[in-house]
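Thanks for coming, everyone. I have one structure to walk through today. Please take a look at it before I start.

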Amino acid sequence: MSEHAGELACVGLGIILGGQLTALARNQLAQADQVFLHGNSPLLLDFLLTINPKVVDLQPLYRAGESRRDSYEAMIALVVQAVTDGRRVCWACYGHPAVASWPPGEAVRRLQAAGYRATLHAGVSADACLYADLNIDPLAHGCLQFEASQFLFYRRQVDVTAYLILWQLNITGDYTLQRLDSDRNSLDMLVASLCRWYPPEHQVILYEASELAIWPYRADHLPLATVPEAELSQATTLVIPPLHRNPADTAVLDALAVPAGHYLRRQ
């Protein structure tokens, strides 16, 4: 039991407007005393208003020339204050509230530490859409995922027998947390880094999930070397297919007595 009256539920709205909202999320939205929206589409705001008229859009807290970290702290402060005022609050997030979305999780941590009931509820995230749209089973070959800037900033290791997915490609190299547009120099650096493992001609995919059921998703196939020249948006994700198949460990197969005709022997 919570020590206080106020509570927070962070829910994911999914990617396709209205079509991927879970029954649990809809109930949380409808029953809330206050709903906060964390998303950049006016269509999302209009949609939420049909469920609950008490919606506050957090998008205006993003200000040109200011760090997104400051905007995130302002969002958290608003939501936490509403909860500590004793209200039942629902924070509605684009996609999944715990995927590429730091503020909801941080608000939950702070409220839980203060004795309030605060929860995160899963939603359909962009990677779920990617797997379906591109017909990729992440367990079939393995799948590594990084935020593009994090991949560039740190000494990450790559397994070229697995898929490599780099999110938020458009703001690669943005250490200021202020930029929303792509930077050619940073993209060139990213491709140069990737070319330590992949040849420049390796075919990659620029992916963007559809936000409306009637819109097509984007899946542009192109050589890795040409990525910096491509048109990017805030939704663009870089998908790098495996370079070659994963070789089987014959010593392990022998120890397990895997038969000669088994498919693992044909890898």
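First, a term: two residues are in contact when heavy atoms of theirs lie within 4.5 Å. Keep that in mind for what follows. Also, this is a predicted model.

Let's start with a pair of helices. Which residues of helix 3 meet helix 4? From helix 3 we have Arg-69, Tyr-72, Glu-73, Ile-76, Val-80, Val-83 and Thr-84. On the helix 4 side, the partners are Trp-102, Pro-103, Glu-106, Ala-107, Arg-110 and Leu-111.

How do we describe such a pair? In general, two packed helices are described by the angle between their axes and the distance between the axes. Helix 3 covers residues 68-84, and helix 4 covers residues 102-113. Their axes come within 9 Å. They cross at roughly 40°. That angle makes helix 3 oblique to helix 4. The crossing is right-handed.

Now look at the loops on either side of this pair. Ser-67 sits in the loop between strand 3, residues 55-57, and helix 3. Is Ser-67 buried or exposed? Its relative accessibility is 16%, so Ser-67 counts as buried. What does Ser-67 touch, leaving aside its neighbours within four places in sequence? It is in contact with Thr-176, Leu-177 and Gln-178.

Gly-115 is in another loop, the one between helix 4 and strand 5, residues 117-121. Gly-115 also has a relative accessibility of 16%, and therefore counts as buried. Now find His-4. Along the chain, Gly-115 and His-4 are 111 residues apart. In space, their C-alpha atoms are separated by 6.8 Å.

On to the nonpolar cores. In soluble globular proteins, nonpolar side chains tend to be buried together. Here, the largest nonpolar core has 21 residues. Leu-164, Leu-166, Leu-194 and Leu-238 have the most contacts inside it. Which elements each supply at least two residues of this core? They are helix 7 (148-153), strand 7 (163-167), helix 8 (184-194), strand 8 (203-208) and strand 10 (237-240). Helix 8 gives the most, with four residues.

Zoom in on Leu-194. Not counting residues up to four places away in sequence, Leu-194 touches Phe-151, Leu-164, Leu-166, Leu-224, Leu-238 and Ile-240. Apart from this core lies another, of 19 residues. Leu-8, Ile-76, Val-108 and Ala-118 are among them. You have met Ile-76 already, in the helix 3 list.

Next, the cysteines. A disulfide is a covalent bond between the sulfur atoms of two cysteines. How many disulfides does a search of the whole structure find? Zero. Take Cys-10. The nearest cysteine sulfur belongs to Cys-93, 5.7 Å away. To count as a disulfide, the two sulfur atoms would have to be within 2.5 Å. Cys-10 has 0% relative accessibility, so it counts as buried. Cys-195 is in no disulfide either. Its nearest cysteine sulfur, that of Cys-143, is 20 Å away. Cys-195 counts as partly exposed, because its relative accessibility is 30%.

Last, step back to the whole chain. The protein chain has nine helices and 10 strands. Its C-alpha trace spans about 65 × 50 × 40 Å along the principal axes. Of its 267 residues, 43% are buried. Now take contacts between residues at least 6 apart in sequence. Of those, 61% join residues at least 24 apart.

Methods:
Residues are numbered from 1 along each chain as its sequence is written. This is a predicted model: local features need pLDDT of at least 70, side-chain atom pairs count only at pLDDT 80 or more; totals for chains, interfaces and linings use all residues. Side-chain values use heavy atoms; hydrogens and water are left out. A nonpolar core is a set of buried Ala, Val, Leu, Ile, Met, Phe, Trp, Tyr and Cys residues joined through side-chain atoms within 4.5 Å. Buried means under 20% relative accessible area, exposed over 50%, partly exposed in between (1.4 Å probe, protein chains only). Axes are lines fitted to C-alpha atoms, for helices over the stretch in contact, and angles run from 0 to 180 degrees between N-to-C directions. Angles under 35 degrees count as roughly parallel, over 145 as roughly antiparallel, 65 to 115 as roughly perpendicular and the rest as oblique. A crossing is left-handed if the near helix is turned anticlockwise from the far one by less than a right angle, and right-handed if clockwise.
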